[in-house]
Amino acid sequence: MKLNVLLIFALLSSNFVLIIATNHFEQAYSNNAQMKTLYSLFQTTIAPLYGDQEEALKKISDAKDRLAYLLVNEEKVLGVLVYKNTVTQEFALLGVDDAIELKTLFVVDAKTNSGIRLGTQLFNKCLEYAKSVKAGYIVVTVSEEKPESIKFFERKGFKKIDAMPNKYKVGVTEYIFAKSLKIND
Ligand SMILES: CC(C)(COP(=O)(O)OP(=O)(O)OC[C@H]1O[C@@H](n2cnc3c(N)ncnc32)[C@H](O)[C@@H]1OP(=O)(O)O)[C@@H](O)C(=O)NCCC(=O)NCCS
């Protein structure tokens, strides 16, 4: 490889590492500034898929059964993560016990910001939490309208365990995916 090509590559990858390294998580709850940002991101990204978000946002704000985080770099919000903070048996009939439910994971301005491991950073935070409470699985529900999210979760080791046609929208199927955290699986 020529020296200038090597130099460009080194510069690009060091910027990339720098961006990832300086990202951090800020919790959204109650009436804090992060909650206000989350509110508007939910209206633009989640509401078109799942309809009115008032109830979900109230639950996030109360922070009783779920934790919500923004992935932030300086003032820029890069991603959103919401997961439930109690282990559930809700999916036991599908063979998935002791699960942590990942409720929301997306990269902000996904068209421009995808592909630089922000999704992975978001996912790793949930994974860390699930392991810390010794969950057997992480479960996530994904709309067929989001094939990029389906591919992402498949790359993270999730398997499809159920399909729910017309769950939130007529003619649209919602899939349930689970990833085992059990050592022997
Ligand atoms: C899907 C999404 C989370 C992926 O985030 P990302 O930052 O691009 O993902 P990463 O760069 O961390 O990639 C992780 C892995 O997933 C794979 N992957 C991610 N997006 C993919 C896609 N569209 N197709 C195929 N593979 C994909 C990557 O290749 C990578 O694989 P590897 O670990 O083997 O290299 C992001 O694109 C997104 O949020 N899109 C919008 C989804 C949305 O609007 N959801 C709303 C409802 S929550």
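**Exercise 1.** Which helix is Thr45 found in? Let's place this residue in the predicted model and classify its exposure.

*Solution.* Begin with the secondary structure: Thr45 belongs to helix α2. Next, count its surroundings: Thr45 has 18 C-beta neighbours inside 10 Å. A buried residue needs 20 or more, and an exposed one has 12 or fewer. Thr45 therefore counts as partly exposed. To finish, compare sequence with space: Thr45 and Val107 are 62 residues apart along the chain, yet their C-alpha atoms are 9.9 Å apart.

**Exercise 2.** Now describe the shell around the ligand: how many residues surround the ligand, and which are the closest?

*Solution.* Start with the count, which is 21 residues, the closest being Ala110, Ser114, Gly119, Thr120 and Glu148. Then sort by element: α2 (33–50), β4 (99–107), α5 (118–132) and α6 (147–155) each give two or more residues to this shell. The largest share comes from α6, with five residues. Last, look at the chemistry of the shell: nine residues are nonpolar, seven polar and five charged.

**Exercise 3.** Turn to the largest nonpolar core and find which members touch the most other members.

*Solution.* This core holds 39 residues, and Leu81, Ile138 and Val139 touch the most other members. Two or more core residues come from each of α2, β2 (66–73), β3 (76–84), β4, α5, β5 (137–143), α6 and β7 (173–180). Now zoom in on Ile138: setting aside neighbours within four places in sequence, Ile138 contacts Ala99, Ile100, Leu102, Cys126, Leu127, Ala130, Lys179 and Leu181. As background, nonpolar side chains tend to be buried together in soluble globular proteins.

Terms used. Residues are numbered from 1 along each chain as its sequence is written. This is a predicted model: local features need pLDDT of at least 70, side-chain atom pairs count only at pLDDT 80 or more; totals for chains, interfaces and linings use all residues. A residue is near a molecule or strand if its C-beta atom, placed from the backbone, lies within 6 Å of it. Helices (H or I, at least four residues) and strands (E, at least two) are DSSP runs, numbered from the N terminus. Ala, Val, Leu, Ile, Met, Phe, Trp, Tyr, Cys and Pro count as nonpolar, Asp, Glu, Lys and Arg as charged, and the others, Gly among them, as polar. A nonpolar core is a set of buried Ala, Val, Leu, Ile, Met, Phe, Trp, Tyr and Cys residues joined through C-beta atoms within 7 Å. Two residues are in contact if their C-beta atoms, placed from the backbone, lie within 7 Å.
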